[in-house]
Amino acid sequence: EHAPGVPASLAGRVGVGRLQVRDGDLLWTDQRRGRWARVRDLNALVTGLDPARPMPLTASATLDAGDPARSAKVALSTTLQWSGEALWHARDLRLTSTLSGAPLREPLDLNLQGEASFDRAQSRLKVQNLALDADPLSVAGQLTVVQADKGPVLGAQLHLRHLDARALAER
């Protein structure tokens, strides 16, 4: 028997109704290579942490890295779904970002939408129905990244819907 209001699928297990991070700050330093990365202003919210059900996820942060410094302000929203075995899906994935710093002369806004899946057993990330818009660029298609013996391998089928090369070079 399980407690009232707790799904039977969680009976005998620990369930988390809500996981939230507010104003997180993480710093990673590679002293051997002299590289660093910082995630600041991290805010994340996952509700209904039950692998048997869809889990809404929202997150935002600023990523700073390198010398010269580069920065990316990122906001993400999706619904995660465990599909059994080692497969996760992120339906209706939406990612917005503003990139700044070298080599860009001015900030570049990116908007990405699609459906992502991650197969942990095969170390494969796949994004289907991809739409990437970043004035002066627009791309659609699918993208796959697989971890191979000698590093990540990228495969893509992309349709270049719009490209203003002159405007891109000026950034």
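This report describes the fold, the sheet and several individual residues of a predicted protein model.

## Overall fold

The protein chain contains 1 helix and 9 strands, and when these elements are read along the sequence they follow the pattern β-β-β-β-β-β-β-β-β-α, with the helix written at the end of that series. Measured out along its principal axes, the C-alpha trace spans about 65 × 35 × 35 Å.

Of the 171 residues of the chain, 23% count as buried, and the chain exposes about 11700 Å², of which carbon and sulfur atoms supply 54%. Among the contacts with a separation of 6 or more, 33% are accounted for by residues 24 or more positions apart. The chain carries 21 positive and 19 negative charges, and the mean positions of these two groups are 3 Å apart.

## The sheet

The strands form an open sheet of 9 strands, with antiparallel pairing and the order β1-β2-β3-β4-β5-β6-β7-β8-β9. At its edges are β1, covering residues 16-30, and β9, covering residues 151-163, each of which pairs on one side only. From one strand to the next, the twist averages 15°. As general background, the strands of a sheet pair through backbone hydrogen bonds, and this pairing may be either parallel or antiparallel.

Two of the pairings can be followed in detail. Strand β2 (residues 35-49) and strand β3 (residues 55-65) pair in the antiparallel sense over 8 bridges, and within this pairing V46 has L57 of β3 as its bridge partner. Towards the other edge of the order, strand β8 (residues 137-148) is joined to β9 by 12 bridges, and these two strands also run antiparallel. A hairpin of 2 residues leads from β8 to β9, and L143 finds its bridge partner in A156 of β9.

## Around the start of the sheet

Which residues does T29 touch, leaving aside those up to four places away in sequence? They are R35 and W36, while T29 itself lies in strand β1. T29 counts as partly exposed because its relative accessibility is 46%, a value that falls between the limit of under 20% for buried residues and that of over 50% for exposed ones. The C-alpha atoms of T29 and Q147 are separated by 23 Å, and the two residues are 118 residues apart along the chain.

R33 is found in the loop between β1 and β2, and with a relative accessibility of 58% it counts as exposed. From C-alpha to C-alpha, R33 and V153 are 23 Å apart in space, and they are 120 residues apart in sequence.

## A buried residue in β4

Is Q81, at 17% relative accessibility, buried or exposed? Q81 counts as buried, because this value of 17% is below the cut-off of 20% relative accessible area. Q81 is found in strand β4, which covers residues 70-82.

Not counting residues up to four places away in sequence, Q81 touches P51, A52, R53 and P54, and also L87, W88 and H89. A residue that is separated from Q81 both along the chain and in space is L27: the two are 54 residues apart in sequence, and their C-alpha atoms are separated by 29 Å.

## Backbone features to note

Most residues other than glycine have a negative phi, and most peptide bonds are trans. Against that background, three places in the model can be picked out for a careful look. D23, although it is not a glycine, has a positive phi of about 50°; its place is in strand β1, and at 59% relative accessibility D23 counts as exposed. N129 likewise has a positive phi of about 50° without being a glycine; N129 is found in strand β7, residues 124-134, and is exposed, with a relative accessible area of 57%.

The remaining place concerns a peptide bond, since A102 and P103 are joined by a cis peptide bond with omega of about 0°. P103 lies in the loop between β5 (87-101) and β6 (108-119).

Note on methods:
Residues are numbered from 1 along each chain as its sequence is written. This is a predicted model: local features need pLDDT of at least 70, side-chain atom pairs count only at pLDDT 80 or more; totals for chains, interfaces and linings use all residues. Side-chain values use heavy atoms; hydrogens and water are left out. Helices (H or I, at least four residues) and strands (E, at least two) are DSSP runs, numbered from the N terminus. Buried means under 20% relative accessible area, exposed over 50%, partly exposed in between (1.4 Å probe, protein chains only). Contact means heavy atoms within 4.5 Å. Accessible areas come from the Shrake-Rupley method with a 1.4 Å probe; for residues, only the protein chains shown count as cover. Lys and Arg count as positive and Asp and Glu as negative; His and the chain ends are not counted. The place of a charge is taken as NZ of Lys, CZ of Arg, CG of Asp or CD of Glu. Two strands pair if DSSP finds at least two bridges between them. Axes are lines fitted to C-alpha atoms, for helices over the stretch in contact, and angles run from 0 to 180 degrees between N-to-C directions.
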